[in-house]
Amino acid sequence: MRMVVISLIILLLMIGIWAWFYYASVAPATTYYWDNLAHLSDIVRNEDWETARKDISIHTDKWYEIKKTWVFFINQRDLDNIDSSIRQLSVYIENEEKVLAQAELEHLIVLFYIVDENECLTIENIF
């Protein structure tokens, strides 16, 4: 009986840490990127490349700060995909490739959606 109680406490502690991490880091970061990447998409659509360069620089810097925390909790493949997509987006914006930049922006939004879905606290993710 003692082992069952200890196991239950450990399980609840792990779920609590998971919930804390999701609501303190993942949810705010994904919401930030969904909102700001949609805005960046409008900037690219209007071909305001100077503003787009400034914005992607800010978003890239913020991503590397977030990645330092996420690297311990999130699947490395998801982080690498986001990393790669941000780098491609930066190159497309630097070269003023409107169509490719818009496509990569949509891809990046989907990647953040995938991370949010994989890390959200749901029964399917617990079991």
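Start with the whole chain in cartoon view and follow it from the N terminus: the pattern reads α-α-α-α-α. That gives five helices and zero strands. Keep in mind as you go that this is a predicted model.

**Stop 1: the overall outline**

Zoom out and show the C-alpha atoms alone. Aligned on the principal axes, they fill a box of roughly 65 × 25 × 20 Å. The radius of gyration of the protein is 18 Å, while the globule rule gives 14 Å for 127 residues, so the protein is more spread out than a compact globule.

Now switch on the surface. About 7900 Å² of the protein is accessible, and 60% of that area belongs to carbon and sulfur atoms. Of the 127 residues, 37% are buried. If you compute a contact map, look away from the diagonal: among contacts between residues at least 6 apart in sequence, 69% join residues at least 24 apart.

Next, colour by charge. You should find 10 positive and 20 negative side chains. The centres of these two sets lie 6 Å apart.

**Stop 2: the nonpolar core**

Hide the surface and select L40, W63, W70 and I93 as sticks. These are the residues with the most contacts inside the largest nonpolar core, a set of 30 residues. Which elements give two or more residues to this core? Colour α1 (2-45), α2 (49-70), α3 (76-94) and α4 (98-119), and you have them. The largest share, ten residues, comes from α1.

Stay with I93 and bring up its surroundings. Beyond its neighbours within four places in sequence, I93 is in contact with L40, V44, W49, A52, R53, I56 and A101. One of these, L40, is also among the core residues you already have on screen.

**Stop 3: a histidine in α2**

Select H59, which sits in helix α2. Is H59 buried or exposed? Its relative accessible area is 5%, which puts H59 in the buried class. To see what surrounds it, add Y32, Y33, N36, L37 and L40, the residues H59 is in contact with once neighbours within four places in sequence are left aside. L40 turns up again here, having already appeared in the contacts of I93.

**Stop 4: R45 and its partners**

Move along to R45, in helix α1. With a relative accessible area of 43%, R45 is partly exposed. Which residues does R45 touch, not counting those up to four places away in sequence? Select K98 and Q102 to see them. For a distance to try in the viewer, pick the C-alpha atoms of R45 and I109: these residues are 64 apart along the chain, and the atoms are separated by 16 Å.

**Stop 5: two loops with positive phi**

Finish with the backbone, and keep your Ramachandran plot open. Select E47, in the loop between α1 and α2. Phi of E47 is near 55°, a positive value in a residue other than glycine. E47 is partly exposed, with a relative accessible area of 45%.

Then jump to E96, in the loop between α3 and α4. Its phi is positive as well, at about 55°, although E96 is not a glycine. The relative accessible area of E96 is 41%, so E96 counts as partly exposed.

Technical notes: Residues are numbered from 1 along each chain as its sequence is written. This is a predicted model: local features need pLDDT of at least 70, side-chain atom pairs count only at pLDDT 80 or more; totals for chains, interfaces and linings use all residues. Side-chain values use heavy atoms; hydrogens and water are left out. Helices (H or I, at least four residues) and strands (E, at least two) are DSSP runs, numbered from the N terminus. The radius of gyration is taken over C-alpha atoms; the globule rule is 2.2 Å times the number of residues to the power 0.38. Buried means under 20% relative accessible area, exposed over 50%, partly exposed in between (1.4 Å probe, protein chains only). Contact means heavy atoms within 4.5 Å. Accessible areas come from the Shrake-Rupley method with a 1.4 Å probe; for residues, only the protein chains shown count as cover. Lys and Arg count as positive and Asp and Glu as negative; His and the chain ends are not counted. The place of a charge is taken as NZ of Lys, CZ of Arg, CG of Asp or CD of Glu. A nonpolar core is a set of buried Ala, Val, Leu, Ile, Met, Phe, Trp, Tyr and Cys residues joined through side-chain atoms within 4.5 Å.
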